[in-house]
Every structure is written in C-alpha cells, then in structure tokens.
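Dear colleague,

I am passing on the structure we spoke about, and below it I have set out what was found. Please read the notes with the structure open beside you.

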2 protein chains.
Amino acid sequence: MTQQHDIAGGAAQSGRYTPTDRSRIRRNHKRAVYDRATIHAIVDATPLCHIGYVIDGQPFVTPTFHWRDGDTLYWHGSSASRMLKAQKGGIPVCVTVTHFDGLVLARTAFDHTANFRTAILYGKAQAITGSAEKNAALHDMMDLYFPGRMAQLRENTAKELKATSVIRMEIEDAVAKVRNGPPGDDEDGLSNKDVWAGVLPRTETWGTPEPDEHLSSNIPVPVYPRFR
Amino acid sequence: MTQQHDIAGGAAQSGRYTPTDRSRIRRNHKRAVYDRATIHAIVDATPLCHIGYVIDGQPFVTPTFHWRDGDTLYWHGSSASRMLKAQKGGIPVCVTVTHFDGLVLARTAFDHTANFRTAILYGKAQAITGSAEKNAALHDMMDLYFPGRMAQLRENTAKELKATSVIRMEIEDAVAKVRNGPPGDDEDGLSNKDVWAGVLPRTETWGTPEPDEHLSSNIPVPVYPRFR
Ligand SMILES: Cc1cc2nc3c(=O)[nH]c(=O)nc-3n(C[C@H](O)[C@H](O)[C@H](O)COP(=O)(O)OP(=O)(O)OC[C@H]3O[C@@H](n4cnc5c(N)ncnc54)[C@H](O)[C@@H]3O)c2cc1C
Ligand SMILES: Cc1cc2nc3c(=O)[nH]c(=O)nc-3n(C[C@H](O)[C@H](O)[C@H](O)COP(=O)(O)OP(=O)(O)OC[C@H]3O[C@@H](n4cnc5c(N)ncnc54)[C@H](O)[C@@H]3O)c2cc1C
Ligand code: HEM
Ligand code: HEM
C-alpha cells in the first residue's frame, strides 16, 4: 500500500514524540523510533489497527480501521457498539499498528526473530458529537480510503449518521519499533555451516478485484492509490 | 499459510466455547462463531497475535508470536520484558488474531465494510517456571514453526533459557467473527448503477527467501509447511 498524505494536506509533521514512561522502549532500544514522520508513515501504510481499552479491569483488543489527520487518529463504528460506547467517555486507549515483514531464521534457535515495523500510539478516545462534524470526518475517511468515490455515491443520511459513532484520539505519545535485515548470528551461530539461514519475507498484497454480480458490465475497476 | 495441527497430535478439539458476558458478540451476531475448530483454525493460520493487558489502568497492545496446544496458548520473550513480567502474575489478557481478507465497496458509503476472520481469546497469563518446561515449550514452538529445524541447531543453553520467559494461557472463553462475500447493498444502494462495487481482496504471502550472506552455496532452502 502506498503511503497516504495528511488529510489537511497542510503543514508537514515534523519533530519527534517525547518518550514517556509508558511509551519508552526499554530493551532493544536501538530499534526505537520517536520520529513523527516515521511513526506516521507506519500508521498510514495500512488501514488496520488494534485498539486496546479496559472495561471494569478487563482488557479488550478490537481490530478496527483508522485514519489520521496530523496528530489526530480517528475510527468509526456503530453507536451501539460496546467498544465505542466505552470509549466515548475519554478513556485511555492504546492503538497498535503492525506490519509483519518476515521471519528471520538464524543458526541458533535463540536468535530467530522477525522483521517488522510497528507503531504504538497512546491517547484518550473522544466521541465526535454533532451530525455535521461526524459527516465531515466520515467524508475524510472515504476521501482517504477511496479518493473521488464519495462523489459517485449519495450523501449519508441523518439516520445513517445517527447510527454511527466517530471517535477521535489526540496522539499524546507514540513510538515505533523497526527491525529489518538478515539474522544477527554471533560467532557461535556462524560456526554452524550446515543449516539454512536468512529471511522469509512476508507481504500483504491486493488480489484481483471481484466485481459485484449486480454490476453493469461497462464500469471499469477504479484505482484507489492507497490500495493499488 | 496452511493450517497447523495440534502439537500433541492428540484428541481433536471439538465442541464450542460457552459465550460469556465478555466474549458474546452483541451486534451482527450472525457473524459470531463459538465453534472450537473454527476458532482454532483462525488462530493457527498466522503466527501473529495482538496481546492486550493492563498495567496501572493503562491498556497496552503488544504484537507477539503465539503457538497453541489444544486449549492452551503460548508466547515467549525476554525475562526482562515489561509485558512478560507483568503477565507472570496471572493477569487477565485478551489475545486477538486478525486476518484482514479484503475491502468491500458498496453503493452507499454506509455499507462499505471489510471481509475478515478474527478470533478473540480470553484468559490469564501464567509464566512457565522451570528450565526444562520452558525448553520443552520452546522446542514445541520451533517444531511448529519450522518442523525438523531444531535438529540442525545446537540445544538451547542454560543462559538462553534463563533470559527467556514463556507464558501460557488457558483459553477460558473465545469467539470468532467472520465476514466474507460481496457487498450487501440494499435496494437503495442497488439503484445506483454507475459506481463500481465489489471486493478488493487482500492476502498475506511469503516472498522469495533471502539467504544470509554467510551461507554456504550448496544449502537448499528448506520448506516449512506452515510458511509455504
Ligand atoms: C510480528 C511481530 C512478532 C513479535 N513476536 C514477539 C515474540 O514472539 N516475543 C516477544 O517478546 N516479542 C515479540 N515481538 C516484539 C514485541 O512487539 C515487543 O516489542 C517486545 O515483546 C518487547 O515488549 P516489552 O513490553 O517487553 O518492551 P518494553 O521495552 O518493556 O516496552 C516499553 C514500551 O515500549 C514500547 N514498545 C514495546 N514494543 C513495541 C513495539 N513492537 N512497537 C512499538 N513500541 C513498542 C511501548 O510503548 C511499550 O509500552 C514481535 C513483534 C512483531 C511486530
Ligand atoms: C480488518 C477489520 C477492520 C474493522 N474495522 C472496523 C471499523 O472500522 N469499525 C468498526 O466498528 N468495526 C470494525 N471492525 C470490526 C470490529 O473488530 C468489531 O467486531 C466491531 O467494532 C464490534 O465491536 P464491539 O465491541 O462493538 O462489539 P460487541 O458485539 O459489543 O462486542 C462484544 C464482544 O464480542 C466479541 N467481538 C467483537 N468484535 C469481535 C471480532 N472482530 N472478532 C471476534 N470477537 C469479537 C468480543 O468478545 C467482544 O468483547 C473491523 C474488523 C476487522 C477484522
Ligand atoms: C471507507 C469506508 C468505510 C469502510 C472501509 C468501513 C468499514 C467498516 C467495517 C469493517 C465495519 C465493521 C463491520 C462488522 O463489524 O462486521 C464497519 C462498521 C460500521 N460502519 Fe463503516 N466503513 C466505512 C464507511 C462508513 C460510513 C461512511 C458510515 C456512516 C455513514 C459507516 C457506518 C458504520 C456503522 C454504523 C458500522 C457498525 C455496523 C454494525 O456493527 O452494526 N461506515 N465499517
Ligand atoms: C520459532 C522460533 C522463534 C521465533 C520466530 C522468535 C521470534 C522472536 C521475536 C519476533 C522476538 C522479538 C524481538 C524484538 O523485540 O525485536 C523475540 C524475542 C525473544 N526471543 Fe524469540 N523467537 C524464536 C525462538 C526463540 C527461542 C528458542 C528462544 C530461547 C531459547 C528465544 C528467546 C527470545 C528472547 C530472550 C527474546 C527477547 C529478546 C529481547 O527483547 O532482548 N526465542 N523472539
């Protein structure tokens, strides 16, 4: 998936997030990245995130689509959703975005690892109230995911907007962790000359579009840059 | 990735998990699956899960590799890991396994959705104490991920085992949610004949193995069934 641009198309995001007690990577800290642009690129490179939150002491992790505008992350769903109801009140959430890029096979079991790019964002979830604001946010989502598509569809109805919650989270602190490259065998490992070692790369790809059966035959498949 | 088999190779897992207050899917419940075999197949079809846990009221979501034996889920990492230290004490965790199978483009914005298979497992994390038990569990991990490989590597050392935590979670309750197929446009949507509608399928694939530079030239790339 190609990298998207800020919705606002405005000021580039620069600088870095200040490491905090909850966000700072303690071990393997050479893999820690607090740079805003790198973190945003990891977040924007997939629509999927995993949102962690707590209800009565019980943790929940819900896979959800997100979108981003500067330092604000958004997601949406049903107004009746337990997750979104719980999050309305401004509870702390942890949003994790993961790209699993490969398995790394070393010459000792201990040194096996993975290549990956991950971002973890912390903040408080806030419901967007007001039908017009919700609609504007959902238009942003459509425009980011499928540029130009909303113009081909009818406007969202009042009933649809009522059924929909949109959540906004100001990113308070954030961190990325990146590992890539070959196995890091030490000398002990390298002395084993008989075993295959290297990387089994893993990628996510888009398959051939599957047109709906009700489709008129002459409508071409649109190309959405983010999902090419 | 092909589906793995139970480590034990023993009794097939049958029956279903009993829905509980935390696991029961409330909306879209036609997509809910409590059947053990289906849930296990979703869990086994990728090594990656997202583990949710709480420290001092703050939720964390950590991407981690898991493996499964019957109704027990396992993961591993550093003995110094904050996540694994926190989990040692038997705290409640939520483990989510996600397969994002495609974007579903409907004829109204509201009806856009995704195809997916997800499983959410609940339980308490417990550290495996005892070097021999840890080593046995790590051998299970190696054998599941890379059958036959451990025999080509030296045994894990006492020092390595000391540096490693292995966590076990009995699955107390679990649920899967599955959505597939074309957009579910209603009549209102179908009246729009001018827009493309259908599914943009998404898959994870393994790329060409990348041999390590130190590799002798005559070692063939092994084929590990799970990661074919
Ligand atoms: C595909 C994949 C598979 C993985 N498999 C395993 C595994 O099997 N075992 C294992 O131990 N680890 C695994 N990891 C790494 C795991 O995500 C953690 O980085 C690691 O467990 C250290 O976590 P910690 O809480 O001990 O780190 P700490 O350094 O104690 O965590 C402190 C803070 O650092 C930040 N942080 C920690 N991990 C990450 C991260 N991945 N991305 C961004 N910020 C982070 C968070 O803000 C966290 O609160 C995997 C990662 C990926 C992407
Ligand atoms: C790739 C992908 C993208 C998604 N994007 C969105 C999105 O943008 N907006 C959105 O609202 N939803 C999205 N979902 C669905 C989301 O994961 C939840 O199913 C949905 O939000 C309902 O959650 P809830 O807590 O309101 O459900 P409830 O029915 O209130 O949840 C009750 C219980 O049902 C179970 N449950 C809920 N969801 C799942 C699940 N996915 N898998 C297994 N068990 C589950 C859990 O045990 C949960 O505690 C997406 C899912 C996937 C896989
Ligand atoms: C980029 C476009 C969109 C995508 C990819 C998308 C995707 C999704 C997904 C994956 C779900 C979860 C479905 C499930 O739990 O099975 C969902 C739920 C929902 N979406 Fe969207 N959506 C989009 C746009 C919209 C818009 C514009 C609206 C409102 C006008 C909307 C309203 C809802 C509602 C109300 C739900 C909850 C449905 C339920 O659980 O009953 N979505 N969406
Ligand atoms: C299937 C084989 C294995 C795979 C795919 C694997 C994968 C991983 C991954 C992805 C991490 C996280 C690395 C990071 O945070 O950057 C990790 C950490 C770790 N693994 Fe493994 N592992 C495997 C086998 C083992 C074995 C057999 C041992 C012990 C004998 C072990 C001990 C550790 C330790 C101690 C860490 C923590 C490293 C640190 O954070 O400092 N692993 N593993």
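How far does a polar side-chain atom of Arg31(B) lie from an oxygen atom of ligand 3? In this model, which is predicted, the distance is 2.4 Å. A polar side-chain atom of Arg27(B) likewise lies 2.4 Å from an oxygen atom of the ligand, while for Asn28(B) the corresponding distance is 3.2 Å. Two or more residues of the shell around ligand 3 come from each of strand 5 (72-78) and helix 3 (131-145) of chain A, and from strand 7 (113-127) of chain B.

The shell as a whole holds 23 residues, and His76(A) and Lys177(B) are among the closest of them. Because the residues that surround ligand 3 come from chains A and B, the site is shared between chains. Helix 3 of chain A gives the most to this shell, with 4 residues, and by residue type the shell divides into 12 nonpolar, 8 polar and 3 charged.

Turning to chain B, its helix 3 (residues 131-145) has 15 residues, which at 1.5 Å a residue should span 21 Å, and the end C-alpha atoms are indeed 21 Å apart, in agreement with that expectation. Buried residues of this helix include Ala137(B), Leu138(B), Met141(B), Met142(B), Leu144(B) and Tyr145(B), and Lys134(B) and Asn135(B) are buried as well. Among the elements that cover the buried residues of helix 3 of chain B are strand 3 (58-65), strand 5 (72-78), helix 4 (158-163) and strand 8 (164-170) of chain B.

With best wishes

Key. Residues numbered from 1 in each chain as written. Chains lettered and ligands numbered in written order. Predicted model: local features only at pLDDT ≥ 70, side-chain atom pairs only at ≥ 80, totals over all residues. Heavy atoms only, no water. Expected span 1.5 Å × (residues − 1). Buried < 20%, exposed > 50% of the residue type's maximum accessible area, 1.4 Å probe, protein only. Contact = heavy atoms within 4.5 Å. Near = heavy atom within 4 Å. Polar contact = N/O pair within 3.5 Å; in protein donor to acceptor, adjacent residues only side chain to side chain. Nonpolar A, V, L, I, M, F, W, Y, C, P; charged D, E, K, R; others polar.
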